[in-house]
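Trainee: I have a new model open and I'd like to learn how to read it. Can you walk me through it, feature by feature?

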Amino acid sequence: MAITGDMLVGKLVQEHPEVVDTLLESGMHCLGCPSSQMESLADACYVHGLNPEEVVSRVNARINQGAQA
């Protein structure tokens, strides 16, 4: 299943903890914030001034990398 910008950050981190470093490296340092539990990945990107398409692409690449290992 590919990750989309509509997915909640909290759910993404819970289901795919391997992406935490990718999100942090992208500039998203609010992963433990209560807002992240109810905020979509795209919305969180906008709040942090990040391009949601780039972040979603990085997250999916990280998940696919782990699946191939």
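Mentor: Sure. Let's begin with burial, since we'll need the term throughout: buried means under 20% relative accessible area, exposed means over 50%, and partly exposed is in between. Keep in mind that this is a predicted model. Try the terms on a cysteine: cysteine 33 has a relative accessible area of 29%, so it counts as partly exposed.

Trainee: And cysteine 45, buried or exposed?

Mentor: Buried, with a relative accessible area of 0%.

Trainee: With cysteines around, I think of disulfides. How many disulfides does the count come to?

Mentor: General idea first: a disulfide is a covalent bond between the sulfur atoms of two cysteines. To be counted here, the two sulfur atoms have to be within 2.5 Å. By that rule the count is zero disulfides.

Trainee: Okay, stepping back. What pattern does the chain follow along the sequence?

Mentor: Reading along, you get α-α-α-α. That's four helices and zero strands. The chain's radius of gyration is 11 Å, close to the 11 Å from the globule rule for 69 residues, so the chain is as compact as a globular protein of that length. If you'd like its extent, the C-alpha trace spans about 30 × 20 × 20 Å along the principal axes.

Trainee: How many of the 69 residues, as a percentage, count as buried?

Mentor: 41% of them. As for the surface, the chain exposes about 4200 Å², and carbon and sulfur atoms supply 50% of that.

Trainee: What about contacts between residues far apart in sequence?

Mentor: Take the contacts with a separation of 6 or more: 57% of those in the chain come from residues 24 or more positions apart. Asparagine 60 gives you a case to look at. This residue sits in helix α4, residues 52-68, and at 15% relative accessible area it is buried. Leave aside the neighbours within four places in sequence, and asparagine 60 is in contact with Ala2 and Ile3.

Trainee: Now charges. How should I read a salt bridge?

Mentor: Side chains of opposite charge can pair when their charged atoms come close. The cut-off here is a side-chain nitrogen of Lys or Arg within 4 Å of a carboxyl oxygen of Asp or Glu. That rule gives two salt bridges.

Trainee: Which residue forms a salt bridge with glutamate 15?

Mentor: Lysine 11, and the closest N and O atoms are 3.8 Å apart. Both residues lie in helix α1 (residues 9-15), four residues apart, about one turn of the helix. Glutamate 15 is partly exposed at 39% relative accessibility, and lysine 11 is partly exposed at 42%.

Trainee: And which residue pairs with arginine 58 in a salt bridge?

Mentor: Glutamate 54, with the closest N and O atoms 3.7 Å apart. Arginine 58 and glutamate 54 are four residues apart in helix α4, so about one helical turn separates them. Arginine 58 is partly exposed at 40% relative accessibility, and glutamate 54 is partly exposed with a relative accessible area of 43%.

Trainee: Where is glutamate 39 found?

Mentor: In the loop between α2 (20-26) and α3 (41-47). Glutamate 39 is buried yet has no salt bridge. Its nearest side chain of opposite charge is arginine 58, 16 Å away.

Trainee: So what is glutamate 39 in contact with?

Mentor: Skipping the neighbours within four places in sequence, glutamate 39 is in contact with Met7, Leu8, Val9, Ala44 and Val47.

Trainee: One more glutamate, please: glutamate 53, buried or exposed?

Mentor: Exposed: its relative accessible area is 66%, and the cut-off for exposed is over 50%. Glutamate 53 lies in helix α4. Its C-alpha atom is 8.1 Å from that of alanine 42, a residue eleven positions away along the chain.

Definitions and conventions
Residues numbered from 1 in each chain as written. Predicted model: local features only at pLDDT ≥ 70, side-chain atom pairs only at ≥ 80, totals over all residues. Heavy atoms only, no water. Helix = DSSP H or I, 4+ residues; strand = E, 2+ residues; numbered from the N terminus. Rg over C-alpha atoms; globule rule 2.2 N^0.38 Å. Buried < 20%, exposed > 50% of the residue type's maximum accessible area, 1.4 Å probe, protein only. Contact = heavy atoms within 4.5 Å. Areas by Shrake-Rupley, 256 points an atom, 1.4 Å probe, with all protein chains shown as cover. Lys, Arg positive; Asp, Glu negative; His and termini not counted.
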